[in-house]
4 protein chains.
Amino acid sequence: MKKKRIAILTSGGDAPGMNAAIRAVVRKALYHHLNVIGVNRGYEGLMNGDFCKMKSDSVAGIINRGGTVLKTARSQQFKTEEGFGKAVQNIKEHKIDVVVVIGGDGSMAGAQKLSEAGISTVVIPATIDRDMPGTEYTLGFDTAINTILEAVNKIKDTAFSHDRVAIIEVMGRHAGHLALMAGIACGAETILIPEVAYNIDSICEGLLHSYNRGKQYSILMVAEGVSTGSEIADQIVARTSFSPKVTVLGYLQRGGAPSAMDNIIGSRMGAAAVDSILLNQVDCLMSMQHGNIVAVQYKQVTEYKTGVDCSLQELASILAI
Amino acid sequence: MKKKRIAILTSGGDAPGMNAAIRAVVRKALYHHLNVIGVNRGYEGLMNGDFCKMKSDSVAGIINRGGTVLKTARSQQFKTEEGFGKAVQNIKEHKIDVVVVIGGDGSMAGAQKLSEAGISTVVIPATIDRDMPGTEYTLGFDTAINTILEAVNKIKDTAFSHDRVAIIEVMGRHAGHLALMAGIACGAETILIPEVAYNIDSICEGLLHSYNRGKQYSILMVAEGVSTGSEIADQIVARTSFSPKVTVLGYLQRGGAPSAMDNIIGSRMGAAAVDSILLNQVDCLMSMQHGNIVAVQYKQVTEYKTGVDCSLQELASILAI
Amino acid sequence: MKKKRIAILTSGGDAPGMNAAIRAVVRKALYHHLNVIGVNRGYEGLMNGDFCKMKSDSVAGIINRGGTVLKTARSQQFKTEEGFGKAVQNIKEHKIDVVVVIGGDGSMAGAQKLSEAGISTVVIPATIDRDMPGTEYTLGFDTAINTILEAVNKIKDTAFSHDRVAIIEVMGRHAGHLALMAGIACGAETILIPEVAYNIDSICEGLLHSYNRGKQYSILMVAEGVSTGSEIADQIVARTSFSPKVTVLGYLQRGGAPSAMDNIIGSRMGAAAVDSILLNQVDCLMSMQHGNIVAVQYKQVTEYKTGVDCSLQELASILAI
Amino acid sequence: MKKKRIAILTSGGDAPGMNAAIRAVVRKALYHHLNVIGVNRGYEGLMNGDFCKMKSDSVAGIINRGGTVLKTARSQQFKTEEGFGKAVQNIKEHKIDVVVVIGGDGSMAGAQKLSEAGISTVVIPATIDRDMPGTEYTLGFDTAINTILEAVNKIKDTAFSHDRVAIIEVMGRHAGHLALMAGIACGAETILIPEVAYNIDSICEGLLHSYNRGKQYSILMVAEGVSTGSEIADQIVARTSFSPKVTVLGYLQRGGAPSAMDNIIGSRMGAAAVDSILLNQVDCLMSMQHGNIVAVQYKQVTEYKTGVDCSLQELASILAI
C-alpha cells in the first residue's frame, strides 16, 4: 500500500499551542510511516511552493514556544481564483493526499474551499479568540486568558496604590469569550462584551456605588468589539469624578510560552487529526465536545452552538459586590 | 422566612483556586442575603470555634493569591469521637444551617460524616492531585500542571546545555494525573505513573535509542507514588552510562497565583454551591461533568469514573520519538 | 533620651520595591525603638492627617507585592501655601521628628521644601524611570525592565510568526533609561530615546538592510518622550512596505511582584535611611553610588551625573546586526 | 593586516546570560571584521575539534534563552597532559589567535593554563553562584536569585495556609551569595550561609519567639554548603514542636529566560571582551568593578575581594522581626 503524504500549515493569527499541534501531527504521522511536508506561511506557502520535508527533529524543542515555527500569514491572493489555482496545482504536483490546516475561522473557510475542489483537508482549531463554530475550544485561548490575568494582576498593584479605575482593552471583535473569561478570572468589577449592549450610566452608578462602599479601585474589562478603552474612559470622565487609566493589551495577548492546557489539547488534537486521516475521515474539524475530541464534518460545524454564556457576565458582577 | 446561616472552611492540602471559591461563596451568599461565617484552619477551627463573620470585603483582593485565606489543616482530632462531637456542638450553637467544605477526598469524608450526623454540608472539590471520585476536575490541578511546566522549561535549559537526562519527581501518591498531564504538556520523553507498572530496562533502552538517534537530552517525569526520582536515577546509572540529574519539585507545586482556569472554575463552583443551598440541595459534591457543574450526592460519587486515561501515556511516548 | 518619632510616606507614581523599603524602615526603626507613623496617600495624607501607627506586623507579607501598601498620590494641593501649611502643622502636632519620603523627583522636591521649613526629611529614591539626579539607581527600575523584557519576549513570538516589525512604546518622557536598558536586554534592533535625535530615513534603511540580509522580524523600542509608537509606525509605512504593529505597554510597566534586586536595594535603602536618622544625618537622599548606599545632601544631588549612557544605544545597534 | 581569529566557548555549569555574552562576542567581532569560531561543549570541544564557524545569524533569537547554545561540559580529560596537549594543538592548527572562555572559577583556571602555554585567552565570568575572585558580578546570578524568589513566593502560599516553617535549600557549596541575597529579597526570617557558623538552638528560639509574637509561618533559607535542608529540619523537629517542610530547589535555579540584568551585563561584557582583544589586552578577566567593566589580569584577580557581606545576614534578621 502506498504511504500517504500529508502537508501541514498554520494560517491566520498565530496562537500558542500551534507548535504542540504541529509536533503531534508530525511525530504521530511519522510513527505511522506517513510522509509529512511542512508548508511555510500558510496558504501563501501553498501557492509559492514553500515546502520542506518534516522529520522528527524538525519539531524538537518547539513545544514550549509560542507562535508557530511554520510561520503564518493572512493571504489575500489565495482568495483569488488564480492564487487558489496555484495552490491546488502545487498540492497535486507534490502528490499530497491531505492538507492539515491549523487556524481559525478564515483558515477553515480556506480548507473547506480546498475540499470542495477535491483536495482532502483536516482542520485543527486555533485562535486565541475562541470564536469558531463547531468546537468548544480553540488552541491559544487558555494561554491568552492567563496572559491577560497576569497583566491585570500587575495593573492591579498600581490601581490599588492610586485608588484608580483601570480599564483593560482586550481582543475580541465579534466575540466576548476572552473578555468574559479573563474578566471572571481576574475578578473584574465590570465586563463589556459585544454580545450584550452596555449602559454607560449604570456602569458609572456601579463604580460610584462600589467606591462609596469602600472599594477603592476597580477593573473594567472591555472587548475591542464593544468600544476602545479610551472611549469608555472618556464617557466615565464626562459623567463622574473618576480618572480611569486605560491599558490596551494588544499583541501581548497572542504570544508567550503555551499554557499546559494548550500544549495538552494541541498534542491531543494533532494526534487525533492523524488518527482521523488514517481512518480516511477527512474534510472535517477536530472539535472539542464536552471534553472529547471528535471529528465534525465542515457542513455540520454550524450545528454546534459555541456562543458566549452571557450568564457569566452577571455572575462576574455579583462576585464583585 | 429566616435567613440561612452558612459556614465555610478549607481543609486538607491547600490548592490554588480555593480563594476564588471562598470569594464566590461569600459574595453570592451575601447577594442572596444569607449570613456567612468563616471557619479558620478547617475542621480544627470547627472544633475550636475559630469563627469570623464574613463580609464582602473579607474576600477583597484574594482572588489572585494562592493558598487559602481561611487557612487549612489536616486534623487528626476531628477523626476522634470527642473532636467530632465538639465540632457538631459548635455548629449547632452557632445555628449554622450548612457547612461548605472546600477540599479533597479526606475533607469530603469529613463532610459526609457531618451529613450523617444531621449537619447539612456541601463540598467544593479542591486538590492539586485531581484524585477525587465523582468529579472530572478539582481546583488547583490546572495551576499545578502549569507550575510544573514552567519548572521543567527552566530545567530543560540546563539539560540541553549539558546533554543530560533530567528526572522530575512530582506529587501523586495514588494517582498519576499530575505527572501524566504535566508530562504531555512539557513534552516529556517518559512518564511514570502509579497506575501502570514500569520496566526499567525498556526505559533505559528508550533513552539509549533516543540518544543514538541524536536526541541529546530528555525529560523523565515520575509521580512520587511510583518511586523517588533518585531511585529511578540509580537504576538508570546501574544500567547505562547516563548520569541523570533529579529535581524534586515538592511544595512548589502547591502554591502560586492561580491560573485563569482555577479562578474561573473556583468562581463558578462557589456560586453553584450557593445556588444548590438555596434550592435545599445539600449533602452533595459540586462536580465537574463534561464541562458542566452539577451537584452529585455523596452516595453517588463513586459511580463516576475519574481514573487516569492511560492511553495518554502511550501518546506521550509516540510524541517524543 | 526621648524616642524619635518618624513618619513614612510614598509619593508620586508607585514603583515595585516601595513595599520592601517601607518594611525595612518600619522594622529597622522598631528594632532601634523608634516610633513609626505611616502616612497614607503621600503628601495628601500629610495634609489630611491620614496617619496610622506602624507595628511590625503592619508590614508583614508585603515584600512580594508591587505598588505600595501606604498608597500614593500626586498632590496639587500640597504645592499651595495653604496645603503645605496644613502638612507642616500636622507634622508638628504629631511631634514627628523626621519624615521619610519614598518617591521620585517631584517627591524629593516636596521633601526639600519641608526641610527648608524646618522639618527634617530623608528621601528614598523610587521611580521606574530612573530619572532622578543624585543617585545611580531608583527603586522599581529593575522590575520595570524585566516586565518590559517579558512582554517583548511574548510579542516576539507573534512578530516571528508573521515576519513583522514590532514597535514597543515604553515609559520615559524625559529620560531614555527604560527604553535603552530594556532594549538591550531584549535584543531590540532599534532604540529611540529622548536624549538622541532620530532619523526616520536611516531607521527605514536599517530595517530594509536587515530584512534583505534575512532578518525576518525586528523590534523597535521607543520611549514615549520621543514620539508615540503609532507615529513612528506611520512614518515607516509612508517610506517602506513594512506594516509595523504597535504595542503600548502603559501601566503594565509599573506593577508586578518586585524583582530580587528591587527588594534587596529597597531593604538596604530603608535600613540605611534609619541608620542615617539615628546619626542625625537628615535632609538627604539615600543615593546609590558605585554599588554603595550613601547619604547625599539635597543641595548636592545635582553634582552627581546620572544621565543615560548613550554609547549603549550604539552598542544595541551593533549587537543587532 | 591579517584578521584575527577568535574562538568562543562556554564551560562549567551553565548560567543564564551566557547566550547574551556569546551573541555580543560574535556580533561585535564580526562588526570589526574578525573571524569567529564556535567551540561546542567547552574544553571537550577544544580537544575534539568540535568547531563551527559563527555568523551573525548563528546567534539570532538566542538572547532570551537560558543555558548556552554552545553547550557546556566539565572536562576531566582537559586536566590531563594529553588532553591539554590536544586542545593546544587544535587551537594552533586552526590558527586561533584568542580563545574567549565564558564560565566560572574552574573555567578561568583552564584559560589561565592555556595562557601560560602561550595561547591568548579572555574570560567572561559566568556562574550563578557568584563565587569568583576578581569580579563583583558573574553572569547568571541575578536570574538565579529571581528564580529562587519566585519559587519562595509560591511556597509562601502553602506555608501561610498551613502555619508552617518552610526550609528552602539553595545552591552554594562554598559561598553564601545566593542564599543571602535571595533570602533578603524574599524576606526570609533566617538565612544560613557557609561563611558563618550557625547555632541551631538560637534558630529554634528565634522561631519560637516569632511564633509567640503572632508570626504564623516563616522561611528559613540554607545554602547547600552549610547542611542539607532535611538535616536542619531534623534538628528543629528534635528541639521544637514545629514540623518544617523542606524544598530543595536544585537544577531549577540554573535555568530560565535570563533576567534583564544578565542580558545587559552579558551584552556589555561580551562587547568589552572584543574591545579588549582589539587592544591586544588579553589573558585577563572581564571584571565588574563598582558598576564598570574592566579587564583584570589573571594574576591580579585575587587582589579584589569579593566575599559575602555578612552584615546583610544580620540585616535580614532585623527586617524579619
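The following exercises, each with a worked solution, concern a predicted model.

**Exercise 1. Symmetry of chains A and C**

Determine what turn and what shift lay chain A on chain C, and which kind of axis relates them.

*Solution.*
Step 1. A turn of 180° with a shift of 0.0 Å along the axis lays chain A on chain C, with an RMSD of 0.0 Å.
Step 2. This is the relation of a two-fold axis.
Step 3. The contact residues agree with this picture: 100% of those of chain A recur in chain C, and the same surface serves both copies.

**Exercise 2. The side of chain B that touches chain D**

State how many residues of each chain are in contact, and identify the element of chain B that gives the most to this side.

*Solution.*
Step 1. In this contact, 29 residues of chain B meet 29 residues of chain D.
Step 2. On the side of chain B, the elements that give two or more residues are α5 (141-162) and β9 (245-248).
Step 3. Of the elements of chain B, α5(B) gives the most, with 10 residues.
Step 4. By character, the residues on this side of chain B comprise eight nonpolar, 12 polar and nine charged.

**Exercise 3. The two faces of helix α10 of chain B**

Identify the buried and the exposed residues of α10(B), explain how the buried ones are arranged around the axis, and name elements that cover them.

*Solution.*
Step 1. A residue counts as buried if 20 or more other C-beta atoms lie within 10 Å of its own, and as exposed if there are 12 or fewer.
Step 2. In α10 (residues 311-319) of chain B, the buried residues are B:L312, B:Q313, B:L315, B:A316 and B:L319.
Step 3. These residues lie on the same side of α10(B), because they cover an arc of only 160° around the axis.
Step 4. The exposed residues B:S311 and B:E314 are carried by the face turned away from the buried side of α10(B).
Step 5. The cover over the buried residues of α10(B) includes α1 (18-31) and α9 (260-278) of chain A, as well as α6 (177-185) and β7 (190-192) of chain B.

**Exercise 4. The open sheet of chain B**

Give the order of the strands and explain why β7 and β9 of chain B each have one side without a neighbour in the sheet.

*Solution.*
Step 1. The four strands of this open sheet of chain B follow the order β7-β8-β6-β9, with parallel pairing.
Step 2. Strands β7 and β9 of chain B stand at the edges with a single partner strand each, so one side of each is left without a neighbour in the sheet.
Step 3. On average, neighbouring strands of this sheet are turned by 15° against each other, direction ignored.
Step 4. The parallel pairing of β6 (residues 165-170) of chain B with β9(B) has four bridges; B:I168 has B:T247 in β9(B) as its bridge partner.
Step 5. Helix α6(B) lies across β6, β7 and β8 of chain B and runs at about 160° to β8(B).

Terms used
Residues numbered from 1 in each chain as written. Chains lettered and ligands numbered in written order. Predicted model: local features only at pLDDT ≥ 70, side-chain atom pairs only at ≥ 80, totals over all residues. Least-squares fit on C-alpha atoms with pLDDT ≥ 70 in both. Contact = placed C-beta atoms within 7 Å. Nonpolar A, V, L, I, M, F, W, Y, C, P; charged D, E, K, R; others polar. Arc of directions from axis to C-beta. Pairing = 2+ DSSP bridges. Axes fitted to C-alpha atoms, helices over the stretch in contact; angles between N-to-C directions.
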